[in-house]
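Okay everyone, grab a seat. I'll put the structure up on the screen, and then we'll walk through it together.

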Amino acid sequence: MTKPSFTGTLGERLQIPGEALGELKLSVLGDHRALIENHRGLLHCSEDLLAVRGMHMSLRIFGGSLRIEAMDGSDLLLSGRLKRVEWEE
């Protein structure tokens, strides 16, 4: 079992949403678009896999014809056929 992070524990006690403390936030729009907020950089980008780093974990999205539509310092808009999402510590 993983020990909760300090920011996660503090956020829960103060009832602050994780994304306000810099945690990854994933919003999926149907099966063709995803918005990833608070990322800390790309780990992998191809037509069938996008992986991004977060503060305490990483996120992998598997699919087909994946393409980054827009990206800035902390947010990323992904399009393509979304098939599976995995969170890793």
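Let's start with who touches whom: among contacts in this protein with a separation of 6 or more, 44% are between residues 24 or more positions apart. One caution before I go on: what you see is a predicted model.

So what is the chain built from? The secondary structure comes to one helix and six strands. Reading from the N terminus, the order is α-β-β-β-β-β-β. In total there are 89 residues, and buried ones make up 28% of them. The accessible surface is about 5800 Å², with 52% of that belonging to carbon and sulfur atoms.

Now the sheet. In what order do the six strands sit in it? They go E1-E2-E6-E5-E4-E3, as an open sheet with antiparallel pairing. At the edges you find strand E1, residues 25-29, and strand E3, residues 42-45, each pairing on one side only. Neighbouring strands are turned against each other by 35 degrees on average, ignoring direction. If you're new to this, strands of a sheet pair through backbone hydrogen bonds, either parallel or antiparallel.

Let's walk through some of those pairings. Strands E5 and E6 run antiparallel and are joined by eleven bridges. A hairpin of three residues takes you from E5 to E6. One of the bridge pairs here is Met71 with Leu76, the latter in E6. Next, E2 and E6 are also antiparallel, over five bridges. In that pairing, Arg33 has Ser79 in E6 as its bridge partner. And then E4 pairs with E5, antiparallel again, over five bridges. There, Ala51 is matched with Arg60 in E5. Keep Arg60 in mind, please.

On to the core. Which residues make up the largest nonpolar core? There are eleven: Leu24, Ala34, Ile36, Leu50, Val52, Leu59, Ile61, Leu66, Leu76, Leu78 and Leu82. Strands E2 (33-37), E4 (49-53), E5 (58-71) and E6 (75-88) each supply at least two residues of that core. As background, nonpolar side chains in soluble globular proteins tend to be buried together.

Let's zoom in on one core member, Ile61, which lies in strand E5. Is Ile61 buried or exposed? Its relative accessible area is 1%, and buried means under 20%, so Ile61 counts as buried. Who is around it? Setting aside neighbours within four places in sequence, Ile61 is in contact with Leu26, Ala34, Ile36, Asp48, Leu49, Leu50, Leu66, Leu78, Leu82, Arg84 and Val85. You can also compare backbone positions: Ile61 and Lys83 are 22 residues apart along the chain, with their C-alpha atoms separated by 7.5 Å.

Ala34 is another core member. With the neighbours within four places left out again, Ala34 is in contact with Leu26, Ser27, Val28, Ile61, Leu76, Leu77, Leu78 and Leu82. Look for Ile61 in that list, please.

Last topic: charges. Side chains of opposite charge can pair when their charged atoms come close. How many salt bridges are there? The count comes to six. Let me show you a few.

The side chains of Glu37 and Lys25 meet in a salt bridge, 3.9 Å from N to O. That pair links distant parts of the chain, with Glu37 in strand E2 and Lys25 in strand E1, twelve residues apart. Glu37 is partly exposed, at 22% relative accessible area, and Lys25 is partly exposed too, at 30%.

Now back to Arg60. Arg60 forms a salt bridge with Glu88, and their closest N and O atoms are 3.3 Å apart. This pair also links distant parts of the chain: Arg60 is in strand E5, Glu88 is in strand E6, and 28 residues separate them. Both ends are partly exposed, Arg60 at 25% relative accessibility and Glu88 at 32%. Arg60 and Glu88 also belong to a network of salt bridges that links Arg60, Arg84, Glu86 and Glu88.

One more pair: Glu69 and Arg67 form a salt bridge, with closest N and O atoms 2.4 Å apart. Glu69 is partly exposed, at 32% relative accessibility.

So, to wrap up, keep three things in your head: the open antiparallel sheet of six strands, the nonpolar core of eleven residues, and the six salt bridges. Thanks for listening!

Key
Residues are numbered from 1 along each chain as its sequence is written. This is a predicted model: local features need pLDDT of at least 70, side-chain atom pairs count only at pLDDT 80 or more; totals for chains, interfaces and linings use all residues. Side-chain values use heavy atoms; hydrogens and water are left out. A nonpolar core is a set of buried Ala, Val, Leu, Ile, Met, Phe, Trp, Tyr and Cys residues joined through side-chain atoms within 4.5 Å. Buried means under 20% relative accessible area, exposed over 50%, partly exposed in between (1.4 Å probe, protein chains only). Helices (H or I, at least four residues) and strands (E, at least two) are DSSP runs, numbered from the N terminus. Contact means heavy atoms within 4.5 Å. Two strands pair if DSSP finds at least two bridges between them. Axes are lines fitted to C-alpha atoms, for helices over the stretch in contact, and angles run from 0 to 180 degrees between N-to-C directions. A salt bridge is a side-chain nitrogen of Lys or Arg within 4 Å of a carboxyl oxygen of Asp or Glu. Accessible areas come from the Shrake-Rupley method with a 1.4 Å probe; for residues, only the protein chains shown count as cover.
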